[in-house]
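Student: I would like to learn how to read a few local features of a protein model, beginning with strands and sheets. Could we take them one at a time, with the general idea before the case?

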Amino acid sequence: MTTQGEGSISTRNAVYMREEAVLTGGSGFNYFCHLFVGPLFSTLSLLALFEGHQGRVWKVDWHGSTLASSSTDSCVRLWQQTGNKTWSCVTELQGPQRGTIRSVRFSASGRQLVTSSFDGTVGVWDRTGDTGADWECSATLEGHENEVKDACFSSSGEYLASCSRDKTVWIWEYLEDSEEYDCCSILNDHTQDVKCLRWHPILDILASGSYDNTICLYKPDPDAADWVRVDQLNGHESTVWCMAFNSDGSLLASGSDDKTIRIWKPTSNTLSSDLATAKWTCIITLSGYHTRSVYSIDWSPLTNLLVSGCGDNHVRVFRQTNNDSDKPDFEQVCTLQAHNQDINSVAWCRSPEYSLLLASASDDETIKLLELSAAVLSI
């Protein structure tokens, strides 16, 4: 069932307080940015409330204006706008995976979905029609010894990656001759549960975040016919729950159980083969905003806005306020208690028509569509 909400969820008439927050960069320099508490520069409005999942909603992901969601109820739902200001569930996918569906991700083309399950498998779904409502499970990938926490396609579409509680990251390659996925590398660089994965938006570089507080970066090594770790990012003081690259892959954001977001930058300034071997350093830490774990972040390729979903039930939106790539400055432009339980996932819509629309998913079994006021773009 889909219900529609109207009106702005904000306290726009209240007076805001401005505080100074120290942002500490991993390169040895400290500087200040402004932390605003209360109603900020912009507001979030509730456009729609999605109900239907029978359990906590773990993940949401967009392709264009189609939203996919996964849940503990072992199913994936796809949502689309079906009328003027009306959004509906257009299909429910339930395949051979029987455990919690921890994550769901679209391929770059939007013609495939990949799901990770607590039953230890990875599912691949192919779209069979043009409406986005018809899908079939074309492959179930087995091999992980424990729950699979995340899975995603590379931007090139050549690879698929999965990670698990078994402390490993697997790289899968699609073989056209046999029309099957083959595991081409098993990476054992983490010492604890691997929580999240993100592919670079342009290059075949994979980032993984773990319960061991670190981020590992991998690339293919043609000489060894294998994948290798090229860097390990240290700095978070607890579990790395989420990561997101900006649109050109020049910055990586990570969210943690330590209640911070860190922004990382490579030593190479070019998006070329040099970047694949570059070392990354933390150039800014956003602290003092979140009161509990940062479970999800997403960086919009359309507006360059960064959104976070937190264990304190709040959605927060940040924007970069300067063009200095070496010392970027970020400020919070909006915050909202969007749910009454933990927020597990947030994601910006990928359609230019809805560039300020985002989805949030929660332990409260609901998904909310929130729209940021356009004023944020003119600040």
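Tutor: Two strands count as paired if DSSP finds at least two bridges between them. In general, the strands of a sheet pair through backbone hydrogen bonds, either parallel or antiparallel. Please keep in mind that the model before us is predicted.

Student: In what order do the four strands of the open sheet follow one another, and is their pairing parallel or antiparallel?

Tutor: The order is E22-E23-E24-E25, and the pairing in this open sheet is antiparallel. Its edges are strand E22, residues 240-245, and strand E25, residues 280-286, each of which pairs on one side only. From one strand to the next, the twist averages 25°.

Student: How many bridges join E22 to strand E23, and which residue of E23 stands opposite Met243?

Tutor: Strand E23 covers residues 252-256 and is joined to E22 by five bridges, the two strands running antiparallel. Opposite Met243 stands Ser254 in E23.

Student: Let us turn to cysteines: how many disulfides does a search of the whole structure find?

Tutor: A disulfide is a covalent bond between the sulfur atoms of two cysteines. The search of the whole structure finds zero of them.

Student: Why is there no bond between the sulfur of Cys183 and the closest cysteine sulfur?

Tutor: The closest cysteine sulfur to that of Cys183 belongs to Cys184, and because the distance is 6.4 Å, the two are too far apart for a bond; the cut-off used here is 2.5 Å. Cys242 is likewise in no disulfide, the nearest cysteine sulfur, that of Cys196, being 6.4 Å away.

Student: Are Cys183 and Cys242 buried, partly exposed or exposed?

Tutor: Buried means under 20% relative accessible area. Cys242, at 6% relative accessibility, therefore counts as buried, whereas Cys183, with a relative accessible area of 23%, is partly exposed.

Student: Finally, I would like to look at backbone angles: what is the phi of Ala225, and where does this residue lie?

Tutor: Phi of Ala225 is near 50°, a positive value in a residue other than glycine. Ala225 is placed in the loop between strand E20, residues 215-221, and strand E21, residues 226-233, and with a relative accessible area of 66% it is exposed.

Student: What is the phi of Lys259, and which strands flank its loop?

Tutor: Lys259 also has a positive phi, near 75°, in a residue other than glycine. Its loop lies between E23 and strand E24, residues 261-266, and Lys259 is partly exposed, with a relative accessible area of 39%.

How values were computed
Residues numbered from 1 in each chain as written. Predicted model: local features only at pLDDT ≥ 70, side-chain atom pairs only at ≥ 80, totals over all residues. Heavy atoms only, no water. Buried < 20%, exposed > 50% of the residue type's maximum accessible area, 1.4 Å probe, protein only. Axes fitted to C-alpha atoms, helices over the stretch in contact; angles between N-to-C directions.
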